[in-house]
Amino acid sequence: MTLVNEGCEYREQLGPDADGQTLLAYLSRRYSHSSREEWETRITSGLVLIDSKPVHAEILLRRGS
């Protein structure tokens, strides 16, 4: 997964704690420096990618992505 935040790019391989969570819930908890609304804006703007593809906020995550 690739995340962009104010010019910084984050890459992460999801572990078992991400299984079954929505993308928005996961990011809001894991990266609490940004609000839920900020994460939703980033996701809908195509700035959050899973397996190199833009996704929607309610996608269910799976380990290894």
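Glu-37, Glu-38, Glu-40 and Glu-58 gather on the surface of this predicted model in a patch of negative charge. One member of this patch, Glu-40, has its place in helix H2. With a relative accessibility of 37%, Glu-40 counts as partly exposed, because values between 20% and 50% fall in that class.

**Overall layout**

The protein has 65 residues, and 42% of them count as buried. Its secondary structure consists of 2 helices and 4 strands. Followed along the sequence, these elements give the pattern β-β-α-α-β-β. Helix H1 covers residues 23-30 and helix H2 covers residues 36-44. Strand S2 spans residues 8-11, strand S3 spans 49-50, and strand S4 spans 53-54.

**Helix H1 and its surroundings**

How many of the residues of H1 are buried? The count is 6 of 8, and H1 is therefore described as mostly covered, since buried means under 20% relative accessible area. The buried residues of H1 are Leu-23, Leu-24, Ala-25, Tyr-26, Leu-27 and Ser-28.

Two of these can be followed to other parts of the chain. Tyr-26 is found in helix H1 and is buried, with a relative accessible area of 3%. From Tyr-26 to Leu-61 the C-alpha to C-alpha distance is 8.5 Å, although 35 residues separate the two in sequence. Ala-25, also placed in helix H1, is buried with a relative accessible area of 15%. Between Ala-25 and Glu-58 the C-alpha to C-alpha distance is 8.4 Å, and the two are 33 residues apart in sequence. Glu-58 is one of the residues in the negative patch described at the start.

Ala-25 also has a polar contact through its backbone: its nitrogen lies 3.1 Å from a polar atom of the Thr-22 side chain. Thr-22 is placed in the loop between S2 and H1. Thr-22 is buried, at a relative accessible area of 17%.

On the other side of H1 in sequence, Ser-34 lies in the loop between helix H1 and helix H2. Is Ser-34 buried or exposed? Ser-34 has a relative accessible area of 5% and is buried. The side chains of Ser-34 and His-33 make a polar contact of 2.9 Å.

**Salt bridges**

Side chains of opposite charge can pair when their charged atoms come close. The model contains 3 salt bridges. The table gives each pair with its N to O distance.

| Positive residue | Negative residue | N to O distance |
|---|---|---|
| Arg-30 | Glu-12 | 3.1 Å |
| Arg-63 | Asp-19 | 3.5 Å |
| Arg-62 | Asp-51 | 3.6 Å |

The side chains of Arg-30 and Glu-12 meet in a salt bridge. This pair links distant parts of the chain, with Arg-30 in helix H1 and Glu-12 in the loop between strand S2 and H1, 18 residues apart. Arg-30 is partly exposed at 48% relative accessibility, whereas Glu-12 is buried with a relative accessible area of 14%.

Arg-63 forms a salt bridge with Asp-19. Arg-63 lies in the segment after strand S4 and Asp-19 in the loop between S2 and H1, so the pair ties together parts that are 44 residues apart in sequence. Asp-19 counts as partly exposed, at 36% relative accessibility.

Asp-51 forms a salt bridge with Arg-62. Where do the two partners of this pair lie? Asp-51 is in the loop between strand S3 and S4, while Arg-62 is in the segment after S4, and the pair links these distant parts of the chain across 11 residues. Asp-51 is partly exposed, with a relative accessible area of 42%. Arg-62 counts as exposed, at 52% relative accessibility, because exposed means over 50%.

**Links to the segment after S4**

Both Arg-63 and Arg-62 lie in the segment after S4. Arg-63 pairs with Asp-19, and Arg-62 pairs with Asp-51. Leu-61 stands 8.5 Å from Tyr-26 of H1, C-alpha to C-alpha. The loop between S2 and H1 holds Asp-19, Glu-12 and Thr-22.

How values were computed
Residues are numbered from 1 along each chain as its sequence is written. This is a predicted model: local features need pLDDT of at least 70, side-chain atom pairs count only at pLDDT 80 or more; totals for chains, interfaces and linings use all residues. Side-chain values use heavy atoms; hydrogens and water are left out. Buried means under 20% relative accessible area, exposed over 50%, partly exposed in between (1.4 Å probe, protein chains only). A polar contact is a pair of N or O atoms within 3.5 Å; within protein, one must be able to donate a hydrogen and the other to accept it, and residues adjacent in sequence count only if both atoms are side-chain atoms. Patches are made of residues with over 30% relative accessible area and no salt bridge: like charges are joined within 9 Å, nonpolar side chains (Val, Leu, Ile, Met, Phe, Trp, Tyr) within 5 Å. Accessible areas come from the Shrake-Rupley method with a 1.4 Å probe; for residues, only the protein chains shown count as cover. A salt bridge is a side-chain nitrogen of Lys or Arg within 4 Å of a carboxyl oxygen of Asp or Glu. Lys and Arg count as positive and Asp and Glu as negative; His and the chain ends are not counted. The place of a charge is taken as NZ of Lys, CZ of Arg, CG of Asp or CD of Glu.
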